[in-house]
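Visitor: Hi, could you walk me through the empty spaces in this model? I'd like to look at a couple of single residues too.

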Amino acid sequence: MPPTLSSPPPAAPVDDVEARLVPFDARGPVSAAVLRHLVDGVATGHTALADAAVSTTADIACDDDLQLALFALYASSYGSIAAFRAELEWDPALVATRRVIETAFEASLRESIAVPQPPAPTADAVARDLFALTGAEGGPSLSRHLARKATLEQAHEFLVHRTVYTLREADPHSWAIPRLTGRPKAALVEIQSDEYGAGRPDRVHATLFARAVRGAGLTDAYGAYVDDVPAVTLASHNTMSMFGLNRRLLGAIVGHLAAFEMTSSIPNRLYSEGLRRLGFGDDVCGYFDEHVEADAVHEQIAGRDLAGALAEDRPDLLPDILFGAAACLEVDDRVGRHMLDAWSRGASSLRTEDER
């Protein structure tokens, strides 16, 4: 059956009964048990369920049940979903389940992603290697497809996939701020200040994207389209959340941000070109236009002053800086390949009713 975009629940005050509704459904026993605990405070043996699931899953990165459970557990820390009880953020059972899933997910990423050999731990050498890594030719390009060939329906699907992260843009990387010092900290704060509008609420990048989503006729309610996106899209967001929330993965979240910024400017120009080709105006394209110039500056700061300086200060983190950068490229490429493969078959990249 063809996919249909989920209708989000109506907006409601925090104290209204509607606020206790989760805007997406469980995808299996683990996510069902996790969601019940987060909303109702009822522990339902989800750690044992997670243990069993990770031992039998064929591919955790494509496992709908486990990726949704992990997404929900991270959403509790972000405060993304009003229905999730704040006092349960550090509930021991929920933390135990999160550790079971993310340990297996991290191991899968480390096993499946090729990481280059570390260069000398100097800012110039690290930046040079990161630019080489991010500049390598990949497979078919999602941004070029959007620019030249995408249909209106495909453009809407692209925006739906992007809502999972971009309505929370910059937040996963901000977890690193209190864990850095000196030059790397100053560099990250400089980048994040721009991401959060440099003091102008209307220029916050998540706000600009919300405007784009509304301009395209979609809802900007966070989580409204989680039911529509596949596990691979959730895995992309979960990767950066895992890197950001775990202090031991400081190098990985810094490397992730460096690669993210280094691969942003040109694709966003192409996205904007494609959306304008399809008839969208500044309300939709403005978000992408903003990133063409901003990220051209950010890539220099992220490569040398953030990742390079951190490698100089903490050479022990250099392998994880490169791992984080490589993981960023790979998990985002997986989402792009999923969309392009579906579209090449004349299918939708979103979940069908039969898949739910």
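Guide: Happy to; we'll take the pocket, then the cavities, then two residues, bearing in mind that this is a predicted model.

Visitor: Great. What volume does the largest pocket have?

Guide: The largest pocket comes out at about 1,500 Å³. It is lined by 50 residues, and those closest to its centre are T263, P267, L329, D332 and D333.

Visitor: And which helix gives the most to that lining?

Guide: That would be α15, with 11 residues. Helices that each supply at least two lining residues include α5 (123-135), α7 (152-166), α12 (250-262) and α14 (282-313).

Visitor: How does the pocket lining split by class?

Guide: There are 24 nonpolar, 17 polar and nine charged residues in the lining of the largest pocket.

Visitor: OK, on to the closed spaces. How many cavities of 30 Å³ or more are there?

Guide: The structure has three of them. The largest cavity has a volume of about 60 Å³, and the second largest has about 50 Å³.

Visitor: What lines the largest cavity?

Guide: Its lining is made up of L38, L73, S76, S77, L88, E89, L94, V95 and R98. Both α3 (64-78) and α4 (92-112) supply at least two residues there. By class, that gives five nonpolar, two polar and two charged residues.

Visitor: And how many charged residues line the second largest cavity?

Guide: The second largest cavity has no charged residues in its lining, with seven nonpolar and three polar ones instead. Among the lining residues are T163, V164 and L167, along with Y222, G223 and A224.

Visitor: Switching to single residues: is T166 buried or exposed?

Guide: T166 counts as buried, because its relative accessibility is 1% and the cut-off for buried is under 20%. T166 sits in helix α7.

Visitor: What does T166 touch, leaving out residues up to four places away in sequence?

Guide: T166 is in contact with A206, F209 and Y287.

Visitor: Last one, P315. Where is it found?

Guide: P315 lies in the loop between α14 and α15. With a relative accessibility of 42%, P315 counts as partly exposed, since that class runs between 20% and 50%.

Visitor: How far is the C-alpha atom of P315 from that of T122?

Guide: The two C-alpha atoms are separated by 8.7 Å, although P315 and T122 are 193 residues apart along the chain.

Terms used
Residues numbered from 1 in each chain as written. Predicted model: local features only at pLDDT ≥ 70, side-chain atom pairs only at ≥ 80, totals over all residues. Heavy atoms only, no water. 1 Å grid on protein atoms, 1.4 Å probe; cavity = no way out; pocket = protein on both sides within 12 Å on 5 of 7 lines; lining within 4 Å. Points joined across faces, edges and corners; volume = space filled by probe spheres on them. Helix = DSSP H or I, 4+ residues; strand = E, 2+ residues; numbered from the N terminus. Nonpolar A, V, L, I, M, F, W, Y, C, P; charged D, E, K, R; others polar. Buried < 20%, exposed > 50% of the residue type's maximum accessible area, 1.4 Å probe, protein only. Contact = heavy atoms within 4.5 Å.
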